[in-house]
Amino acid sequence: MDGSQVRKAGGRRRTLLAGLDPHTTTLVMLLQTWVDESGLTLDAIAKAFTSEHFGGRRAPRRSAIGERLRGSALDRDFVTALIEVCTPDEQAQARRLKEALAVWRQIEEARTLPVGASPGLAHDLLVRNQQHTIDAQNKLMQAQEALLLSNQALSQSNQLVLMLVHMLNHLNEKYLELLREADNLEQAPSDPKLQESVQHRLETALDLLRKAREEKTRAETEQLEALRLKDVALRRAEALQRELDHFRGTSVADSAVTAEVPERWTIGPTSQDAELADIANALAKATALNDKNEQLTQDVREDLGLDPAPGSGAPSRLSVTASDNLDNPLTATSAASRRPTDHQRRPEQAAQELATTAAIFGQTPTGFFMFDSSLRLQRVNEAFAIGVGLPAEHLLNLAPQDIFKAGDGDRLLLALRTVLSNGDPIDLRLTKPQLAGLASRGSEIWVVSLYRISDAKGLTIGVAGQVQDVTSRHLAEREAAGVRRSLALLNEASTHIGSTLNLETTAEELLDVIVPQFCDVATVDLYTALFGDDSGSVPGPIGPSNDSGELHRVAVSSVVGSVFSAMGTQYGRDRAEVGSTLCYPPRSPHARALRTGRSVVPQPGPDPLLRSTLVVPLVARDQVLGLVQLSRAIGSEPFDAREVAIAEELVARAAVCVDNARLYRREHERALILQRSLLPPGNPAASGLEIARRYLPSNNNTEVGGDWFDVIPLPGSRTALVIGDVMGRGLRATVAMGQLRTVVRTLAMLDLAPKLVLQALDETVCNLADDGSLDGAEVYLATCIYAVYDADTQQCTFASAGHLPPVLRDPNGQTLVLDVPPGLPLGIGGYAYEEVAATLPSGSVLALYTDGLVESRERHLDEGLRAFREVLAHGPSQLDQLCDEVIVELSSYYGEDDVALLMVRIRS
């Protein structure tokens, strides 16, 4: 556990007691972190504790465990028992136990102060202990930084040595070529100027050869020094790590120093002078890299506090100049220039360099290999042979497909051909081969770097490659990618699920999120009771009896063709479709999930297309609402522990949305029942009138409104026609509507004029709002039309309180909007309403309506009124059919609000 984990653990849901010493604080943070990583609750830990953990004493209960995890009354038995319960892996358990006991010993040492020691002495000891810890941490970070630098120096030295070996081989070949040319000129007399030019080239090549050997010696010296410094830094870091055992795993930030990788040295076909000039320039670069490498190792020595290496004085500086002009021959000078004159020893020196190259190739810890131009393996080093699992001699003349598995072998062959043809280096990832059948840790990943190699004349020899094992980095990248996908899935669920208050839509939204991003097949089953008349009734809270009950399949999604076993074909194919009902057997995994409220991973079923299944119950507010079944097809990875946790989180979010939809459905249905109970039943009868009415609640999942209508018989063959709309929504609007309807019927029985009825109704609304009977924040205004029709005179008197005007269709089919003074809505107070009378001919149709019929967000009121009059003018003669025609034709105008329609035909 590193320092960042300790700090993170301190910010979790448990807090620490004030006044704890640093060692106790460290131990408590460690214990809290391990508990959080295990996922166990305090109740689970209390159940797992036994008296055997505490030497026969009674195990602590939940509250005592919580207090100890905050640092109160810690003891060694509790620490040991907690680690055993929270760490099922034996190796991890032993490591954590060692770590915790190390901190416990520090706690005991801090407690063991001299008898009679003053508080000041205890404070001084504590301060010195803290300072010692800080110093040790700083030393550890310095040692780790030195280890990083030494690794960089070693890598740079290895590559530099290889480059110089390649350069020496080429120089040896060039020197032998010039030597043969000089011998030929001596045997056959020729131009003296040509002989002098060849002699200059020979001396220049010899000088460059000597300098290259010197630089190679320097590079090998720095290579050995880097190895020694790496060993010193590693041993020092391990010693400091043991001293700070409870901070094990602390990582040092990546150093800003970046190893400079020398460029690959190649010589193309050119003239001898230009060739020697290229070699001189490359040797100058190697000298500069050697200087940087010496400075890097010196920095490591300073970080480790070591003395300079024996014999490390100022590095010899080479000054190399080159020219391809014969009048100014190539020269290479040094502070200690020396030219051997014995030409007879030069072939032996070339052979020695070739032997050195072979030694470097064989001793490099990184895997190397070389394919010839026919793409057959010609040379490997020991590291590559060990990685493959076969002796080096058994790998010779093998093709890529003979070493790597089929897919990787084909990819490597294609890459080799590409590098061989165009010369561009290529890096690719391959799975580590296991030719000898050795035990493998799993899919180990190699990164292979390929580059083309040529001889001294620039002719292509083949393709060489370097191998690096990146398995740990690959696993870390894959884990990080999985975490990113999980977070993206949860984010999508937060924005996509729960957009409506509809049970079926919410279930479909859940499946849209998880299929196919998370699984291949998914179903959602909800208890049938959620869809009944009383949708608030569910089987009950989580418990032993909650494993039965009929479920309704509301959603199915699959990217696998006809996988019916995942949808319930074990209980009948006809039950697997949307809209079917299921009842799982009591001992089935589905019933266990419903009973316990916990996820269940059933054994693979008989379907050959499915590999893994997960059953997750829908639980919200301690109520089991149903279950979600997720399945993955053959070829997919089975559900692991992290994915089970992700699935539970997704389903939990959906469960809250399903429960909200359930509660809304219950309230909505109750409000509708109440509202319809307050409206007049059937088509009421009236003298001289044929009456038809329609009421439609809104269909956009909003709450019910306060629209109402009424037909009230009056003395003297008269009839009162009333229609109104209470502003606001929900139960309050419905209750207000019922109160206003009752008041209107009472006032109508007093045989008052329409305008007087509205004035009295206006005062009543104001009084109801003042005494709190109506909630002024939501329901405080209403519109209404009160009309009284006299069958003897066929005259109708209208009074309006802010309502839409009536529409009249005469016997000829012409429509007219009656000019009724609109007035102010009820609830304003102090307004004198007007009334107007109109004679209605026999056979005419009078229509009273609310704004929900002709107005919506997409369509203006005037447009809706024109459409309403058009339907009335051309509608059927039967009044009921005319009502239905109006509702059907104007369906695009309404839906956002309740609709009330009252139509009467005048009869003589």
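**Exercise 1. Place F798 in the fold: in which strand does F798 lie, and is F798 buried or exposed?**

Step 1. Look up the strand: F798 belongs to β17, residues 795–801. Strands here are DSSP runs of E with at least two residues, and helices are runs of H or I with at least four residues, both numbered from the N terminus.

Step 2. Before going on, note that this is a predicted model, where local features need pLDDT of at least 70, side-chain atom pairs count only at pLDDT 80 or more, and totals for chains, interfaces and linings use all residues. Residues are numbered from 1 along each chain as its sequence is written, and side-chain values use heavy atoms, with hydrogens and water left out.

Step 3. Check the accessibility: F798 has a relative accessible area of 1%, so F798 is buried. (Buried means under 20% relative accessible area, exposed over 50%, partly exposed in between, with a 1.4 Å probe and protein chains only.)

Step 4. Find the surroundings. Leaving aside neighbours within four places in sequence, F798 contacts several residues, including Y786, L818, V836 and L846; contact means heavy atoms within 4.5 Å. F798 and V836 are 38 residues apart in sequence, yet their C-alpha atoms are 5.3 Å apart in space.

**Exercise 2. Which backbone oxygen does the side chain of R809 reach?**

Step 1. Start with the location: R809 sits in strand β18, residues 807–809.

Step 2. Look for a charged partner. R809 is buried yet has no salt bridge, and the nearest side chain of opposite charge, D810, is 6.6 Å away. (Lys and Arg count as positive, Asp and Glu as negative; His and the chain ends are not counted. A salt bridge is a side-chain nitrogen of Lys or Arg within 4 Å of a carboxyl oxygen of Asp or Glu.)

Step 3. Now turn to the backbone: the R809 side chain reaches the oxygen of L872 at 2.7 Å.

Step 4. Among the other residues that R809 touches is R905, which leads to the next exercise.

**Exercise 3. Which residue forms a salt bridge with R905, and why does the pair tie together parts far apart in sequence?**

Step 1. Name the partner: E690 pairs with R905, with the closest N and O atoms 3.3 Å apart.

Step 2. Place both ends. E690 lies in strand β13 (residues 689–696) and R905 in strand β22 (residues 899–906), so the salt bridge ties together parts 215 residues apart in sequence.

Step 3. Compare their accessibility: E690 is partly exposed at 27%, whereas R905 is buried at 13%.

Key: Polar contact = N/O pair within 3.5 Å; in protein donor to acceptor, adjacent residues only side chain to side chain.
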